[in-house]
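Here are some comments for a first reading of this model, set out point by point. Please keep the structure open beside the text and look up each residue as it is named.

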Amino acid sequence: MKATVLVPTDINEITLGSYQKFINTSNKSNDNEFLAQKMVEIFCGIRLRDVLEISLSDVNSITAHLTEVFSNKPKFQNRFTIETPNKKIEFGFIPSLEDLSFGEYIDLESNLKDIKDFNKAMAVLYRPIVETQGERYSIEKYEGTANYAEVMKSAPLGVALSAKVFFYNLTNDLLNSSLIYLKQMKSKTMKGQTSRREDSSISNGDSIIQYTQLLKETLDDLKKLQSCPYSSALRGLPLKNKKQK
C-alpha cells in the first residue's frame with residue numbers, strides 16, 4: 001500500500017492540541033518504535049494502521065524531519081486566527097502585562113506548570129480582539145478560561161510555545177524591577193528609623209522584607225517554567241539508535 005503523508009514543514013502547522021496528545025502518549029511509553037509511529041500518526045494526521053504500512057526508512061525520515069521542525073524556535077506573535085466550525089476568531093495577546101489582574105495571574109501560573117493545561121493558559125494570554133485601531137487593539141474582558149480553553153487546542157503550536165517564553169521573560173523583568181525597587185525602599189526605611197518611630201519603622205521594614213521574599217519565590221516558580229519545550233516533545237525518542245528489523 002502507498003500512503004500519501006502530509007508532513008508539517010513549520011511548527012505553526014502543528015496544533016497545540018496535537019502536541020499535548022503526543023506529550024501525553026510519550027509520558028506513558030518508553031517504546032521508541034511505538035512513539036515514532038505515534039509521532040507520524042499525530043503530527044501528520046493519519047491513522048496508526050496506515051503508519052504501519054509505511055516503510056521503516058520513510059518513518060525514520062519523517063521523524064527526523066519533525067525533530068528538525070521542533071528544533072526551530074518560532075517568533076512571538078501577538079495576533080493569530082483560529083477557524084472554528086462557525087466562524088474565524090482573531091485572538092490578541094494581552095496588550096499590557098503590567099495591567100494583568102490577580103485572577104489572570106493566578107490562572108496563568110497554575111496552568112503553565114503542565115503542558116496538558118497549556119490550552120487554559122492560552123485562554124488567559126490570548127482573547128478575541130473586539131476593536132482594532134491600526135496596530136493597536138483591545139481584547140475581551142477576562143471571564144475565566146472556560147470560554148476558549150477548548151478552542152485553544154487548535155492554536156498554532158509555535159504561537160503557544162513562544163508566548164510562554166515571552167510571558168516568562170517579560171514577567172521576569174517586571175519582578176526583577178520590583179525587587180530592586182523594594183530593596184531600595186527597605187534601605188531607605190532602615191536608614192530613616194528614629195527611636196520615636198522604631199516600632200513603626202520595624203513593622204514597615206518587616207512588611208517590605210515579607211513582600212520581597214514573596215517576589216523571590218514567584219521568580220523561582222517562573223524559572224521552573226523557563227526551559228523552552230520545543231525539543232522536549234521528542235525526549236526519550238533517540239531515533240538514530242532505533243532498532244532495525
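Which residues of α6 are buried?

1. The model is a predicted one, and within it the buried residues of α6 are Phe118, Asn119, Ala121, Met122, Ala123, Val124 and Leu125. Because seven of the eight residues of α6 are buried, this helix is largely enclosed by the rest of the structure.

2. It helps to place that helix in the chain as a whole, which contains eight helices and four strands. Read from the N terminus, the elements follow the order α-α-α-α-β-β-α-α-β-β-α-α. The chain has 245 residues, of which 42% are buried, and its accessible surface comes to about 14,600 Å², with 47% of that belonging to carbon and sulfur atoms. Among the contacts with a separation of 6 or more, 71% are made by residues 24 or more positions apart.

3. The four strands form an open sheet, in which the order is β1-β2-β3-β4 and the pairing is antiparallel. The edges are taken by β1 (79-83) and β4 (136-139), and each has a single partner strand, so one side of each is left without a neighbour in the sheet. On average, neighbouring strands of this sheet are turned by 55° against each other, if direction is ignored. As a general point, the strands of a sheet pair through backbone hydrogen bonds, either parallel or antiparallel. In this model β1 pairs with β2 (residues 88-93) in the antiparallel sense over five bridges, and threonine 81 stands opposite glutamate 90, which belongs to β2.

4. Where does α6 lie with respect to the strands? The helix lies across β1, β2 and β3 (126-133), and it runs at about 20° to β3.

5. Another neighbour of α6 is α5, and these two helices pack at an angle of about 155°, with their axes 8 Å apart. They are therefore roughly antiparallel to each other, and α5 passes α6 in a left-handed crossing. On the α5 side the residues involved are Glu104, Asp107, Leu108 and Asn111, which meet Phe118, Lys120, Ala121, Val124 and Leu125 in α6.

6. Aspartate 117 deserves a careful look, since this residue sits in the loop between α5 (102-111) and α6 (118-125). Is aspartate 117 buried or exposed? Its relative accessibility is 15%, and because buried means under 20%, aspartate 117 counts as buried. Leaving aside residues up to four places away in sequence, aspartate 117 touches Gln20 and Asn111.

7. Glutamate 150 offers a contrast in setting, as it is found in the loop between β4 and α7 (157-191). With a relative accessibility of 55%, glutamate 150 counts as exposed. Although glutamate 150 and asparagine 119 are 31 residues apart in sequence, their C-alpha atoms are 7.0 Å apart in space.

8. A further helix pair to examine is formed by α1 (residues 16-26) and α2 (residues 32-44), which pack at an angle of about 165°, with their axes 10 Å apart. That angle makes α1 roughly antiparallel to α2, and α1 passes α2 in a right-handed crossing. The contact is made by Ser18, Tyr19, Lys21, Phe22, Thr25 and Ser26 on the α1 side, and by Phe34, Leu35, Lys38, Met39, Ile42 and Phe43 on the α2 side.

Definitions and conventions:
Residues numbered from 1 in each chain as written. Predicted model: local features only at pLDDT ≥ 70, side-chain atom pairs only at ≥ 80, totals over all residues. Heavy atoms only, no water. Buried < 20%, exposed > 50% of the residue type's maximum accessible area, 1.4 Å probe, protein only. Contact = heavy atoms within 4.5 Å. Areas by Shrake-Rupley, 256 points an atom, 1.4 Å probe, with all protein chains shown as cover. Pairing = 2+ DSSP bridges. Axes fitted to C-alpha atoms, helices over the stretch in contact; angles between N-to-C directions. Parallel < 35°, antiparallel > 145°, perpendicular 65-115°, else oblique. Left-handed = near helix turned anticlockwise from the far one by under 90°.
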